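This briefing goes through the fold, the core and one helix pair of the structure shown below.

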Amino acid sequence: MQAFFAILIAAVLVGLNAFLYIRNRQTPVPEGCEDIKPDCAACGIGDCALRKKFMEMKEEENGNR
Amino acid sequence: MNLFTLFISGMLINNIILSKFIGMCPFMGVSTKMESAVGMGLAVIFVVFCASVLSWGLYYGVLVPLELEYMKLITFILLIAAFVQFVELFIKKNSPSLYKQLGIYLPLITTNCAVLYVALDNITQKYSLIETIVNSIGVPAGFMLMLCIFSTIRERLRGNDVPKAFEGNPIAFIIAAIMAIAFSSLSGLV
């Protein structure tokens, strides 16, 4: 019974997470916030959306030089 | 431990960045400008507070009665991630101005280990709900304080002549180390 509850709790939380993640991605960014420039240079988290934006911005800057 | 001591201890004496070295990633990454530091600090205070209270409720309300205490790590991680997604979704829909100020930092908070540390620490130390609330405000307040102090130092550094080999992160790490040494002198206070 304990294992059943453990799996149930984990499944509920994973499901909630997935649902909120999908809803969050589907929700459009408010007007005027589409082009907010991130300001994080040192963080090394590769799959962070902000870091990707930051690296693109850097590449653009380097390309313009 | 009385509540005031707990708050001061979490904020200054056992500062999460300078004594535990937790949350170093946003500390180094979002401390280049004062404005960013304040935004990130406020977002961290809000998320840590809410996530800790929710985690405390989940632990004592669900996991303990079902004797599933060993699941606290995985459930807290999932709860924090879900909560941050919810906050981002809520702010996107209801408050564009707040999103403009804080929204950009929310994805960073999901991966901020400080949030998980505070949630787990409240359980490990067997804090009551009131103590959890005080600790969950004190610790991120200390995080914000350090972030602001560090950002002002880095802003001043930008105008100074730093040797080329130390430019950027190397000099920032040296400053962080000096700050850690300075703050370690507070360790016997409480």
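**Helix crossing and overall fold**

The crossing of α3(B) past α7(B) is right-handed. The model is predicted. Chain B is built from nine helices and zero strands, while chain A has two helices and zero strands.

**The α3(B) and α7(B) pair**

- Two packed helices are described by the angle between their axes and the distance between the axes.
- For α3(B) and α7(B), the packing angle is about 40 degrees and the axes lie 9 Å apart.
- α3(B) is therefore oblique to α7(B), since the oblique class takes what is left once angles under 35 degrees, over 145 and from 65 to 115 are set aside.
- On the α3(B) side, the residues that meet α7(B) are B:V44, B:V47, B:V48, B:A51, B:S52, B:S55, B:W56 and B:Y59.
- On the α7(B) side, their partners are B:A114, B:V115, B:V118, B:A119, B:N122 and B:I123.
- One of these partners, B:V115, is in contact with B:V47, B:V48, B:A51, B:I80 and B:I109, leaving aside its neighbours within four places in sequence.

**Nonpolar core**

- The largest nonpolar core holds 48 residues, and those touching the most other members are B:V47, B:V48, B:L79, B:I80, B:I109 and B:V115.
- At least two residues of this core come from each of α2 (24-29), α3 (34-63), α4 (72-94), α6 (106-110), α7 (113-124), α8 (129-158) and α9 (169-184) of chain B.
- The element that gives the most to this core is α3(B), with twelve residues.
- B:V47 and B:V48 thus appear both among the core members that touch the most others and among the α3(B) residues that meet α7(B).

**Chain B as a whole**

- Read from the N terminus, the elements of chain B run α-α-α-α-α-α-α-α-α.
- The C-alpha trace of chain B spans about 60 × 45 × 25 Å along its principal axes.
- The radius of gyration of chain B is 18 Å, which agrees with a compact globule of 190 residues, for which a value near 16 Å would be expected.
- Of the contacts in chain B with a separation of 6 or more, 78% are between residues 24 or more positions apart.

**Burial in the two chains**

- In chain B, 43% of the 190 residues are buried.
- In chain A, buried residues make up 9% of the 65 residues.

Technical notes
Residues are numbered from 1 along each chain as its sequence is written. Chains are lettered from A and ligands numbered from 1 in the order in which they are written. This is a predicted model: local features need pLDDT of at least 70, side-chain atom pairs count only at pLDDT 80 or more; totals for chains, interfaces and linings use all residues. Helices (H or I, at least four residues) and strands (E, at least two) are DSSP runs, numbered from the N terminus. A residue is buried if 20 or more other C-beta atoms lie within 10 Å of its own, exposed if 12 or fewer, and partly exposed in between; C-beta atoms are placed from the backbone. A nonpolar core is a set of buried Ala, Val, Leu, Ile, Met, Phe, Trp, Tyr and Cys residues joined through C-beta atoms within 7 Å. Two residues are in contact if their C-beta atoms, placed from the backbone, lie within 7 Å. The radius of gyration is taken over C-alpha atoms; the globule rule is 2.2 Å times the number of residues to the power 0.38. Axes are lines fitted to C-alpha atoms, for helices over the stretch in contact, and angles run from 0 to 180 degrees between N-to-C directions. A crossing is left-handed if the near helix is turned anticlockwise from the far one by less than a right angle, and right-handed if clockwise.
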